[in-house]
Every structure is written in structure tokens, then in C-alpha cells.
Amino acid sequence: MKTKLFQELENLAGTFKFDSITSDRKATLQPLVDYIQAKHSNYDEVRLNLICTHNSRRSHLSQVWAQTAAAYYGIKNVFCYSGGTETTALFPVVAETLRQTGFKVQVIAEGSNPVYAIKYSDNEHPVIGFSKNYDNEFNPSQSFVAIMTCSQADGGCPFIAGAEKRIPITFEDPKAFDHTPQQAEKYQERSFQIATEMFYVFSQIK
């Protein structure tokens with residue numbers, strides 16, 4: 001049973017063009033498709049831990065869009081997490097980008113590392129977004145796949161304890177455009193790329 005997303009997100013999902021993803025990029029995404037399919041076919045829980053250096057931008061966008069895509073395609077028992085090789089904070093522009101896209105974003109704890117509740121549907125549990133190390137106790141300790149969303153984290157983490165598999169799916173960092181006139185545009189662009197690719201991945205699950 002597919003989850004009904006907020007209407008703005010439903011509308012956006014209808015605009016994703018999977019043929020815009022190159023064959024090389026689809027080959028990069030295929031190991032994740034295979035991992036999810038194998039788990040789904042065995043009625044196992046699917047745990048994705050999306051990892052970048054600071055757990056502030058790409059890993060959060062990937063976590064949120066992967067969880068949303070799983071719900072949209074009705075793939076049950078998917079649990080998405082994120083982490084970094086160090087703890088910083090979720091960059092506020094990421095939260096604002098998601099809000100402008102149609103998510104309901106609420107700050108549930110203030111401070112130097114705020115905690116956000118990010119909802120994509122009325123009746124589904126929100127994604128809880130805050131910066132943490134990939135091995136934080138909030139994340140799974142075993143039976144998960146580690147998805148490396150930045151090359152720096154991929155190179156800096158030769159071993160992820162407890163991961164059944166490690167898959168590099170790296171994205172360019174929108175941080176390069178922080179505090180520039182292109183900031184909002186570039187964050188939306190990266191978010192849309194990640195969304196398109198995560199929806200493609202879950203569209204392949206039978």
C-alpha cells in the first residue's frame with residue numbers, strides 16, 4: 001500500500017524523469033537497488049545509513065528522500081538513518097530547502113545542534129534530523145548498508161563496523177555555494193538530484 005505524501009510532494013514525484021539519469025549513474029545506484037530488493041524479497045527490514053563527513057547536508061537530504069521514496073512506492077520496513085565522520089549540525093538551508101519543497105519541518109530541540117522533525121505525510125512518523133557520528137547509538141549497529149554520500153567520508157572511513165555492505169553513491173557538495181547569490185538554487189538543484197535518484201532506486205523494487 002503506497003503512502004499518500006503531502007500534495008506538493010506528490011506533485012513533485014510526478015515530475016521526476018528517470019531517463020535523465022545516465023547509464024553510468026544507474027550502474028552506481030544498482031548495488032543499492034540489489035541490496036534493497038534482496039532484503040525486501042526475504043521480508044527483512046531494510047536499514048540504510050547515509051553517511052557524509054559532517055552529517056549536515058547531503059546525508060540528510062539522502063536520508064529524507066530515501067524514506068519518502070520508500071513510502072511513495074509502498075516498500076515497507078525501510079528505516080533510513082544518517083551520520084557523519086564527525087558531528088556538526090544540520091545546515092539550516094537544508095531544512096529550508098525541504099520546507100520549500102513541501103515537507104513540514106519543525107525544530108523540536110534548539111541549541112548548537114538542533115533536532116528537526118521532518119514530515120512527508122500526515123500519518124507517517126517524521127524523519128528525525130540532527131547531526132551525529134555514523135556509529136551514534138541513534139543509528140543501527142548491525143544489519144544495515146552504509147551508503148557513502150561524499151568521497152571524503154568514503155576515503156576517510158575504510159571500515160564501517162556492523163555494515164553488511166558499503167556502497168559509494170557520492171554527490172557534489174552544495175556547501176561550495178553557501179552565502180552566495182546561487183545558494184538557494186544550488187541546494188534545490190542538489191536536493192532534486194538526490195530525490196530523483198532515490199525515487200528511481202525504489203521504483204525498481206518489485
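Contact here means heavy atoms within 4.5 Å. With that in hand, take the contacts between residues at least 6 apart in sequence: in this predicted model, 68% of them join residues at least 24 apart.

Now for the overall dimensions. The C-alpha trace spans about 45 × 40 × 35 Å along its principal axes. The radius of gyration is 16 Å, which agrees with the value near 17 Å that a compact globule of 206 residues would have. Buried residues account for 52% of the 206. As for the surface, the protein exposes about 9700 Å², and carbon and sulfur atoms supply 49% of that area.

Next, the secondary structure. There are six helices and seven strands, and walking along the sequence you meet them as α-α-β-α-β-α-β-β-β-β-α-β-α.

Four of those strands build an open sheet, in the order E2-E1-E6-E7, and the pairing is parallel. Strand E2 (78-84) and strand E7 (163-168) sit at the edges with a single partner strand each, so one side of each has no neighbour in the sheet. From one strand to the next, the twist averages 25°.

Let's zoom in on one pair. Strand E1 (residues 46-52) runs parallel to E2, and seven bridges join the two. Within this pairing, Leu50 stands opposite Ser82 in E2.

What packs on the sheet? Helix H2 (residues 23-41) does, touching E1, strand E6 (144-148) and E7. The direction of H2 makes about 155° with that of E7.

How values were computed. Residues numbered from 1 in each chain as written. Predicted model: local features only at pLDDT ≥ 70, side-chain atom pairs only at ≥ 80, totals over all residues. Heavy atoms only, no water. Pairing = 2+ DSSP bridges. Helix = DSSP H or I, 4+ residues; strand = E, 2+ residues; numbered from the N terminus. Axes fitted to C-alpha atoms, helices over the stretch in contact; angles between N-to-C directions. Rg over C-alpha atoms; globule rule 2.2 N^0.38 Å. Buried < 20%, exposed > 50% of the residue type's maximum accessible area, 1.4 Å probe, protein only. Areas by Shrake-Rupley, 256 points an atom, 1.4 Å probe, with all protein chains shown as cover.
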